[in-house]
Number of protein chains: 2
Amino acid sequence: MLGAMQLAGNARPGDAVGNRSRRSSGRPTLADVASRAGVGTITVSRALRDPERVSSELRERIDAAITALGYVLNPNARALASARADVIGVLIPSLTNNVFAEVLRGIHDGLGDSALQIQFGNTHYSADEEERLLRVFLGQRPSALIVSGIDQLPATRRLLETAGCPVVQIMETGPNPIDMMVGFSHFDGGQQATEHMLQIGCRRIGFLGARMDPRSQRRLAGYRAAFRATGVFDELLVTTTPSPSSVSMGAYLFRQAISKAPGLDGVVCNNDDLALGVLFECNRQGISVPDRICIAGYNDLEMMAVAYPSLTSIRTPRYEVGRQAIAMIRAALAGDRPEQVIVDLGFELKVRESTTRQ
Amino acid sequence: MLGAMQLAGNARPGDAVGNRSRRSSGRPTLADVASRAGVGTITVSRALRDPERVSSELRERIDAAITALGYVLNPNARALASARADVIGVLIPSLTNNVFAEVLRGIHDGLGDSALQIQFGNTHYSADEEERLLRVFLGQRPSALIVSGIDQLPATRRLLETAGCPVVQIMETGPNPIDMMVGFSHFDGGQQATEHMLQIGCRRIGFLGARMDPRSQRRLAGYRAAFRATGVFDELLVTTTPSPSSVSMGAYLFRQAISKAPGLDGVVCNNDDLALGVLFECNRQGISVPDRICIAGYNDLEMMAVAYPSLTSIRTPRYEVGRQAIAMIRAALAGDRPEQVIVDLGFELKVRESTTRQ
DNA sequence: CAAAAAAATGGTAGCGCTACCAACATTTCT
DNA sequence: AGAAATGTTGGTAGCGCTACCATTTTTTTG
């Protein structure tokens, strides 16, 4: 087994680190670096955390010792001693969702060369699972927490409020932030897409929604609001399912919608996967897009602009949400908490061929 | 700031945990649980790790104390004391890639209710970044490591060999595993897709590839091999780019291919995004699929079956790779290392409308 | 130039847990 | 019956680091 190879592999002959006690990991420690550099352990610790506070001469000797020994700091020991881990806990509802994958990418990029690490948890769109994971995370005393949405359970909210670290709610904005917020309005997005369709002459606009998490619900609410102002609404126009979203689900929901809502001339979709499914189903049934059916998606994934016909969508700043969340956390950890604790990054309606009638 | 709220929030009045030293975190510790239950600390520790080894009477008293105090184990202290963290390091080349998102999902599901946590790193398809992240991970003495592919740098490989924990290379299989492997053959997949197209009568089959990481290279090699056996090959049929893959890149590469390789009658794509881009571009240019151009993708994402026409693809067991990797790790950690250290999960050619000519 | 302030460095005592050994209680064996 | 094996429990000494203070050195100030 590999287990046996560890000592053999790590014990460098001629090294200052000789025969240690059985409990030791065999790796060089801060004390090893200190004795090799001829300084106290605490000075090495300082040189690592805040090089400015150590004279340049000692700093050089310490750096040399670190590279000579191949020293790597033990984050567990640091976390234990300082009662604070350099970890940001991130709670995301789904992994297979492109949208959150891009948020995660933004988070990673925002970290840059900071020592912070990401620990992330997948809540599977379950508030209970979110609370369970949060408790696990809090046990590690994270430096900061990022949670998705604004609909935490009351108990979860209390946990977050007393977490003792910066907390950022992402993907949405709302009135009562736990601490900070970065997102955009899903209601407005749903409304704007629908208004656009009404404007180009659609009258019987359906709404297709899968999963129907709180953000989807708000998009649907925006859709309804657009009708209140302008059009004639009919409950049969709304077709939703609690099942997860997918391209095939888009095709399925469209088939349902078209059979129960006669005269349908457009669909606003919960997200881009559904919209793509609708497009394929229209192609398959020989329904012309946009002449007979207009289509709008949500999120503006990369494929939307390439599709034929290209698909109208609401461009959401997913990557930017991740970056901004980290920027706010880093500012807060550095001591200068942003005075703007609710950041609305907005969205943009991208009008394309699927809603362009001449 | 929230920092100030922590003590206020966590100090439950009337709690056994009273005025602790300033350094303490304020949370109940193992010792608090032990004294409340009237047992030694080590017994609580055992009750937590291996309940079977503690009498049922003490176990109940300990459980009661844990819930009464709201005790949460400090993983950093555990990791420090046992020189081993309950963490599995996962190194993945991309986050925005659906394929790896599903592997990650499989990994998470495979974990089930075990105490293991995932720490994952994004290598951005860079071997140097992979090595850097690996060093960071090794500093935490993970319980196991999962790395993508089989093309690690020699130094990275050495680090993994001496990591002293189970290591699983995923997504590919090959001759010299560092420790264990779960994957499938990309060469065979590329070859099989190409052979299928030759079989249905295509003669001038192009290969479109983006990113061209090692796995893509092997798919391309399989494509070439298929020609060696049957068809007449022409280097102009291959169109690749080091840029990341995307649907628009598929459309772009197809435009290139069709202009430089006259008589093109089919394309084998590196992955499904490219294939979808090709389909859209064909639609846009009025090129009939499959009558004039046949299309095959790779991975068989969910949308492939729904597209119109539906798209042929190689179904790869991504989710299963993640699950299997964890299963092997759990077995190894439990002491019974699987005797089958290289697991080939295979793939399946899904023939659909885009390569069906009557 | 002495006194005060600031900067640089070190010693020591934990952080909360587990490895290791020891002690005792209980069962099984000869 | 006593001896040996097994099971259960606890004490103690760290794991590798940082907080807190003490000490020494350097700089600034009146």
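This note sets out points on the predicted model of two chains, A and B.

1. Overall form. Chain A contains 13 helices and 12 strands. Its radius of gyration is 27 Å, whereas a compact globule of 358 residues would have one near 21 Å. The C-alpha trace of chain A spans about 85 × 45 × 35 Å along its principal axes.

2. Burial and surface. In chain A, 53% of the 358 residues count as buried. The chain exposes about 14,900 Å², and carbon and sulfur atoms supply 50% of that area. Of the contacts in chain A between residues at least 6 apart in sequence, 67% join residues at least 24 apart.

3. Charge. Chain A carries 39 positive and 37 negative charges, and the mean positions of the two sets lie 6 Å apart.

4. Relation of the two chains. A turn of 180° with a shift of 0.0 Å along the axis lays chain B on chain A with an RMSD of 0.0 Å. The two copies are therefore related by a two-fold axis. Within chain B, the C-alpha nearest this axis belongs to B:Asn76, at 2.4 Å from it. Both copies use the same surface, as 100% of the contact residues of chain B recur in chain A.

5. Helix 2 of chain A. This helix covers residues 30-37, and its buried residues include A:Asp32, A:Val33, A:Ala34 and A:Ala37. The buried residues of helix 2 pack against helix 3 (41-49) and helix 4 (56-69) of chain A. Just after helix 2, A:Gly38 takes a positive phi of about 70°.

6. Cis peptide bonds. Most peptide bonds are trans, and most residues other than glycine have a negative phi. A:Tyr308 and A:Pro309 are joined by a cis peptide bond with omega of about -5°. A:Pro309 lies in the loop between strand 9 (294-296) and strand 10 (313-315) of chain A. In chain B, a cis peptide bond with omega of about 10° joins B:Val289 and B:Pro290. The loop that holds B:Pro290 runs between helix 12 (272-285) and strand 9 (294-296) of chain B.

7. Positive phi outside glycine. A:Tyr125 has a positive phi near 60° and is placed in the loop between strand 2 (117-122) and helix 7 (127-138) of chain A. A:Tyr125 counts as partly exposed because its relative accessibility is 27%. B:Arg141 has a positive phi near 50° and is found in the loop between helix 7 (127-138) and strand 3 (144-148) of chain B. With a relative accessible area of 11%, B:Arg141 is buried.

Terms used:
Residues numbered from 1 in each chain as written. Chains lettered and ligands numbered in written order. Predicted model: local features only at pLDDT ≥ 70, side-chain atom pairs only at ≥ 80, totals over all residues. Heavy atoms only, no water. Helix = DSSP H or I, 4+ residues; strand = E, 2+ residues; numbered from the N terminus. Rg over C-alpha atoms; globule rule 2.2 N^0.38 Å. Buried < 20%, exposed > 50% of the residue type's maximum accessible area, 1.4 Å probe, protein only. Contact = heavy atoms within 4.5 Å. Areas by Shrake-Rupley, 256 points an atom, 1.4 Å probe, with all protein chains shown as cover. Lys, Arg positive; Asp, Glu negative; His and termini not counted. Charge placed at Lys NZ, Arg CZ, Asp CG, Glu CD. Least-squares fit on C-alpha atoms with pLDDT ≥ 70 in both.
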